[in-house]
Every structure is written in structure tokens, then in C-alpha cells.
Amino acid sequence: LVFKPLKTVQKGKLMDLTSTVIIPLLFGSLGIFALFRLLQWMRMRAYLQEAVVVITGATSGLGKECAKAFHAAGSKLVLCGRDSEKLKDLVQQLSTMTNHQKNVSTHKPHTVVFDLSDTKTVLNAAEEILRYLGHVDILINNAGVSFRGTIVDTGLDVDKKVMETNYFGPIALTKALLPSMIKRRQGHIVAISSIQGKISIPFRSAYAASKHATQAFFDCLRAEVKQYNIDVTVISPGYIQTNLSLNAITADGSRYGVMDKNTAEGQTAAEVAQVVLSAVGQKKKEVLVAGLTPSLAVCLRNLFPRLFFTLMATRAKKERKAKDS
Ligand SMILES: NC(=O)c1ccc[n+]([C@@H]2O[C@H](COP(=O)([O-])OP(=O)(O)OC[C@H]3O[C@@H](n4cnc5c(N)ncnc54)[C@H](OP(=O)(O)O)[C@@H]3O)[C@@H](O)[C@H]2O)c1
């Protein structure tokens, strides 16, 4: 009889357990996960290919990058904007992309020119889209304008302008396209909101208000249209490197014209467009696209509101002091 020391026996058992149970379990789980991701990717590809996708604010920033991402996925695009020349340039850029595209068949986009702050042109645009393409599968309400200024100095006309562009325009377009989606019992409506739809930052009042309204409207819509098999996705980015702060309007209605540090240091529009593509493809209900600090701020607002209000008041004081100096 040979007696092995207890430690050696335990070590042997542990190695047996590793080779017979843990390693196969690990590889099995990885295989199942990879298969799941592949199926998810195939379902997403099938959903987006040939889908009629309307994108507002396609002339710049996130909208432009979404146009590239959905075009590459084989969607039939309707690109919306205020400037027909910029839209033509984008169609040209997409056609160059098409020449390098393999595996997926792409489509020449249709363009529609309208101003979201003019309800009549929004309704005409919806009519034109339905007349030309027959239906819309996915509507991406992306266009928007930001705001910088103190509440006390801001004229009501500026508040209304921001609300028209960020809230009334998108909901007018949504309402105009909704009956045809309900009739088909199929459709997907996406709202590009903002982290400022969840928390309010000083000197952004009109913008934060318009995005809170957006969040509320599309949350109600999601519940109301579920019975018609229509999906609603709300995407709330933090900071994206676009012209949003440059194009922001100020208290007197003039253009802000400053590239904010946070915006310049944000995620690229192409990265966020991929998040939008994947969220839409997976029919996610809502996505927060933000780093740790903004995500913590949302938690703080909900769990410890008094602390959040104190921090915002300190921020307002600091920003006012920096502006005055
Ligand atoms: N950048 C960020 O840090 C950030 C963060 C969170 C959320 N977002 C949201 O992301 C969306 C896209 O903004 P962006 O960052 O890409 O800014 P952007 O580069 O300034 O693009 C804004 C787009 O909206 C269009 N637009 C503005 N007013 C319009 C109107 N009255 N009618 C029709 N179109 C109008 C612009 O068209 P023109 O070319 O004609 O001006 C442009 O295509 C917005 O909803 C914004 O609130 C941005």
C-alpha cells in the first residue's frame, strides 16, 4: 500500500474537476454565447435589410453617421434635412460607399427637405414619404437643436423654438406616420433623446425640458402601440463629438458658436450610430449611451435628489463665476 500525502490527493482531485467539469463548462458556455450572438446578428441583419428607414437631421453629426450605418446594413433610406445641397452631398457619399460594399445590397436614398419647426412642412413631408415609398418601417427622430442661456434672460420665443424643433416637430412627424404603421401592424419609432431627458443641467433649460418631454411622450407611445406590434426605442446619449453646441441657440436667439469641452471630448458620432443601429436591430426599449459620471448623475437624481440639486446649484455658481470673470 502506498500512502499519498493529503495535499497531493486534494490537488489531484482539483485537477480532475478542472479538466472534467470546469473547462468543458467554460467552453460550452462560450460556444452557447457565441451562437446566441450570431443568431442575434443574423436576426438584426434580416430586420434592417430592405427596411424603409426615415432619418431626420441627416445633414450633420449623429444623423449623418446613422445614415451611413443603416445604408451599409442595406436599409432603404429617406434622408431628411433643411438643406437640399447637404442632403445631395450625403447621397453622393453613400453611393461611393456602395461601390466598396460587399455581401449586402444597398439602395439609393430618397431625400425630403423640411423644417421641423414648421408643422405644415412636416405633415407635407410625411405625405410625400408615404406617397413615394408606400410605408415606413423605422422612423428615427434624430434632428435637434441645443440651447445655452439663463432662464431669466431667455425670451419665450426661444423656448418655443427649441420645443418646436425637439418636441412638436418630431411628434407631428410621428403622429403623421403612425396610422399607416397601425394599419400594417408593424413599425418601429426611435427617439434620439439625451441624458438631459433624465437630468436637468443649469443653463440648458429649454433643451432639457424638450428632451424630458420627448422621453415622456415616447414612453407613453411605447405602452399605447404595443398592441399593434409597433416598437419604440428611446436613446439617451451623453456627449457626442458633433456640431450640437456650435449650433445651439442662446437666450437672444443667436447661434452659440462655441465647441464645448464636454462635446469635443465625447464619443464619436460613428460610435454612437453603431449603438443606435444595434439598439434598433435588437428592438431595445431604451438605451443610455453615457460614461460613468453622467450615468451616476442619473442614479443620484433618482436616489438622492437633494444631493443632486446641491451639486447642480454649485455647478451653476461655478459656471456663472467663470463667465463673469
Ligand atoms: N452631440 C451631443 O453631445 C448630443 C448628446 C445627446 C443627444 N444629442 C442629440 O442627438 C441628435 C443629433 O444632434 P447632433 O449632435 O448630431 O447635432 P448636429 O450636428 O447639430 O445635428 C443636428 C441635426 O438636426 C437638424 N436640425 C436642427 N434644427 C432643425 C429643424 N428645425 N428642422 C430640421 N432639422 C433640423 C440639423 O440640420 P441642419 O444641418 O439644417 O442644421 C442637423 O442635421 C439631437 O437630437 C441631439 O439633441 C446630441
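Biologist: What do the buried residues of α6 pack against?
Modeller: They pack against β5 (147-148), α5 (156-184), β6 (187-192) and β7 (230-237). Packing here rests on contact, meaning that the C-beta atoms of two residues, placed from the backbone, lie within 7 Å. This is a predicted model, in which local features need pLDDT of at least 70 and side-chain atom pairs count only at pLDDT 80 or more, while totals for chains, interfaces and linings use all residues. Residues are numbered from 1 along each chain as its sequence is written.

Biologist: Which residues of α6 are buried?
Modeller: S205, A206, Y207, A208, S210, K211, T214 and F218. A residue counts as buried if 20 or more other C-beta atoms lie within 10 Å of its own, as exposed if 12 or fewer do, and as partly exposed in between, with C-beta atoms placed from the backbone. Of the 325 residues of the protein chain, 35% count as buried.

Biologist: What makes α6 a helix, and what span is expected of its 21 residues?
Modeller: A helix is a DSSP run of H or I of at least four residues, a strand is a run of E of at least two, and both are numbered from the N terminus. The expected span is 1.5 Å times one less than the number of residues. For α6 (residues 205-225) that is 30 Å, and its first and last C-alpha are 30 Å apart. In total, the protein chain has 11 helices and 11 strands.

Biologist: Why is α2 called largely enclosed?
Modeller: Because 10 of its 12 residues are buried. Among them are G61, L62, K64, F70 and H71. The span of α2 also agrees with expectation: 16 Å by rule, 17 Å between its end C-alpha atoms. G74 follows α2, with a positive phi near 90°.

Biologist: What does α2 give to the shell around the ligand?
Modeller: α2 gives 3 residues, the most of any element. Of the 29 residues around the ligand, G57, G61, A143, G144 and T242 come nearest, where near means a C-beta atom, placed from the backbone, within 6 Å. Elements giving two or more residues to this shell are α2 (61-72) and α7 (244-247).

Biologist: How many residues of the shell are nonpolar, polar and charged?
Modeller: The shell has 9 nonpolar, 16 polar and 4 charged residues. Ala, Val, Leu, Ile, Met, Phe, Trp, Tyr, Cys and Pro are nonpolar, Asp, Glu, Lys and Arg are charged, and the others, including Gly, are polar.

Biologist: What is the order of the 7 strands in the open sheet?
Modeller: The order is β3-β2-β1-β4-β6-β7-β11, and the pairing is parallel. β3 (110-113) and β11 (286-289) are at the edges because each has a single partner strand, which leaves one side without a neighbour in the sheet. The twist from one strand to the next averages 15°.

Biologist: How do you know that β6 and β7 pair?
Modeller: Two strands pair if DSSP finds at least two bridges between them. β6 and β7 have 6, in the parallel sense, so by that definition they pair. Across them, V190 stands opposite T233. β4 is joined to β6 by 4 bridges, also parallel, and H188 is the bridge partner of I138.

Biologist: What makes β6 mostly covered?
Modeller: 6 of its 6 residues are buried. G187, I189 and A191 point one way, and H188, V190 and I192 the other. In a regular strand the side chains alternate between the two faces of the sheet.

Notes: Axes fitted to C-alpha atoms, helices over the stretch in contact; angles between N-to-C directions.
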